[in-house]
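Open the model in your viewer and keep the sequence panel visible. The tour goes from one selection to the next and says what is found at each.

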Amino acid sequence: VPGRTRPGPAEGGGGGSNPSKRHRERLNRELERLAGLLPFPPDVVAGLDKLSVLRLSASFLRARSFFGGKGRSQGFPCSRFLPGRRDRGLYLLISFLQALNGFVLVVTSEGLIFYSSHTIQDYLGFHQTDVMHQSVFELIHAEDQPEFRRNLHWALDPPHAPEGEPSPAVGKSLGSSAVIYKADQLPPENSSFLERSFVCRFRCLLDNSSGFLALNLQGRLKFLHGQNKRSEDGSALPPELALFAISTPLQPPSILQIRTKNMIFRTKHKLDFTPLACDAKGKLVLGYTEAELRMCGTGYQFVHAADTLYCAENHVRMMKTGESGLTVFRLLTKDNRWKWVQANARLVYKNGKPEYIVVTQRPLIDEEGGEHLRKRSMHLPFTFATGEALLYQSTHPLPGFPGLFQSKGKPSKSKKPSCSHVGRSQKNGIDPRSLLGTVMRQDKVVY
């Protein structure tokens with residue numbers, strides 16, 4: 001409009017600042033406020049990226065529309081998005097989920113995980129934030145996907161894709177593959193015809209499985225009310241069916257698994273093993289906060305020097321095969337003590353490409369760790385002429401090892417791995433991110 005005055009600078013921004021910068025700042029503030037409403041501890045929220053915040057917000061708002069629309073919001077263990085989250089029914093339901101041998105799973109007709117209880121982490125190793133509003137078929141064994149898709153259809157007869165085309169339930173966009181029915185096409189919602197009981201193998205990150213865990217899913221198909229979905233022409237669509245099921249392991253856990261379940265902790269890493277996140281049990285065992293774990297280095301600065309090459313060998317194996325196998329080594333705790341752990345690391349893939357590493361770890365007593373150390377083969381895991389050795393900067397002259405911790409300066413009093421020696425490592429021609437660089441940066445008093 002001619003003569004229209006330009007709006008003044010946004011609140012909190014300088015008059016001469018870049019408009020795009022002000023827009024980003026406003027967007028970041030809104031995302032932070034939205035993340036603060038998510039029903040997760042602050043340490044979990046701090047590890048979420050922007051897309052995950054939006055994904056989980058949409059997921060919980062849809063859940064609120066469903067449960068709130070039926071007047072059942074009091075008992076849904078969900079979020080600050082839902083009213084009455086502190087009432088007695090909520091705590092009773094959370095206690096029930098913890099005592100249940102399994103987890104709750106709600107999957108829409110197009111294969112989107114509408115809701116998963118937080119106890120999914122105890123059985124599959126995935127956190128609740130990793131799976132909600134994601135395709136369930138990324139978790140299911142390829143041979144069992146047709147069976148799961150069949151059980152999502154009310155008549156156990158889903159539409160088949162033409163030959164040479166991918167299944168409608170597999171892909172980045174799942175919204176267009178939802179199957180909508182009219183009420184007169186379906187049996188009554190309380191009909192036994194909509195009950196489901198079947199077995200599927202789900203991807204499992206825990207070290208007591210072979211990569212997949214067989215689960216018995218028992219439940220029924222129910223309508224997802226309150227979703228307000230619309231067709232391309234803008235007309236309102238009737239509610240779609242979704243599978244509400246309790247997923248329990250096909251093989252009951254052993255007494256040993258039950259006893260060690262409360263001791264196991266999990267960490268999340270980048271592909272080079274840089275720490276990204278650690279669960280509450282891991283913080284108790286190691287003593288670090290997530291900020292301290294992510295402070296510097298690739299994660300090898302927490303590993304005992306005598307275990308470094310051994311861990312690197314299994315790291316290389318995992319990058320080639322997807323799994324490291326059981327690895328017993330020592331981790332440095334915040335109070336400068338070494339803690340033996342038995343770990344198994346696995347690659348987590350997204351769209352066919354490795355995205356991050358999840359490590360499941362069980363603390364061991366010193367006698368157990370010492371026994372594993374005596375049995376460990378002491379040969380070098382790879383020759384110094386191979387690509388793996390070059391990757392870890394192992395071509396540095398080995399005579400440097402005997403005097404590795406004989407620094408001329410005063411010993412450091414730091415209580416955690418320090419980044420103070422990065423410059424010195426670079427001056428010596430050693431990459432501070434390499435195995436040798438991480439060992440040289442460790443405080444010598446811990447040995």
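The stops below cover a strand, a group of aromatic rings, two charges over rings and a loop residue. This is a predicted model.

**Stop 1: strand β5**

Select residues 241–249, which make up strand β5. Eight of the nine residues are buried, so the strand is largely enclosed by the rest of the structure.

Now add residues 103–108, strand β1. β1 and β5 run antiparallel and are joined by six bridges. To find the register, pick V106, whose bridge partner in β5 is F244.

Next, show residues 212–223, strand β4. β4 also pairs with β5 in the antiparallel sense, here over nine bridges. A position to check is Q218, which has I246 of β5 as its bridge partner.

While the strands are on screen, it may help to recall that side chains in a regular strand alternate between the two faces of the sheet.

**Stop 2: the aromatic rings**

The structure holds 11 aromatic pairs. One of them is F148 with F202, an edge-to-face pair with 6.4 Å between the centres and 75° between the planes. Which elements does this pair tie together? F148 belongs to helix α7 (residues 145–152) and F202 to strand β3 (residues 195–203), so the pair links parts that lie 54 residues apart in sequence.

Are these two rings' residues buried or exposed? F148 is buried, at 0% relative accessible area, and F202 is buried as well, at 1%.

Widen the selection to F137 and F198: together with F148 and F202 they form one aromatic cluster.

**Stop 3: charges over rings**

Stay with F137 and display R149. R149 lies over the face of F137, 4.4 Å from the ring centre.

Then move to K268 and Y356. Here the charged end of K268 sits over the ring of Y356, at 4.3 Å from its centre.

**Stop 4: T274**

From K268, go to T274, one of whose contacts is K268. T274 is in the loop between β6 (265–269) and β7 (275–278). What is its relative accessible area? The value is 13%, and T274 counts as buried because the limit for that class is under 20%.

Show the side chains of T274 and D272: they make a polar contact at 2.8 Å. Leaving aside residues up to four places away in sequence, T274 touches K268, H269, G297, T298 and G299. Select these five residues with T274 to end the tour.

Notes: Residues numbered from 1 in each chain as written. Predicted model: local features only at pLDDT ≥ 70, side-chain atom pairs only at ≥ 80, totals over all residues. Heavy atoms only, no water. Buried < 20%, exposed > 50% of the residue type's maximum accessible area, 1.4 Å probe, protein only. Helix = DSSP H or I, 4+ residues; strand = E, 2+ residues; numbered from the N terminus. Pairing = 2+ DSSP bridges. Phe/Tyr/Trp six-rings, centres within 6.5 Å; stacked < 30°, edge-to-face > 60°. Lys NZ or Arg CZ within 6 Å of the ring centre and 35° of its normal. Polar contact = N/O pair within 3.5 Å; in protein donor to acceptor, adjacent residues only side chain to side chain. Contact = heavy atoms within 4.5 Å.
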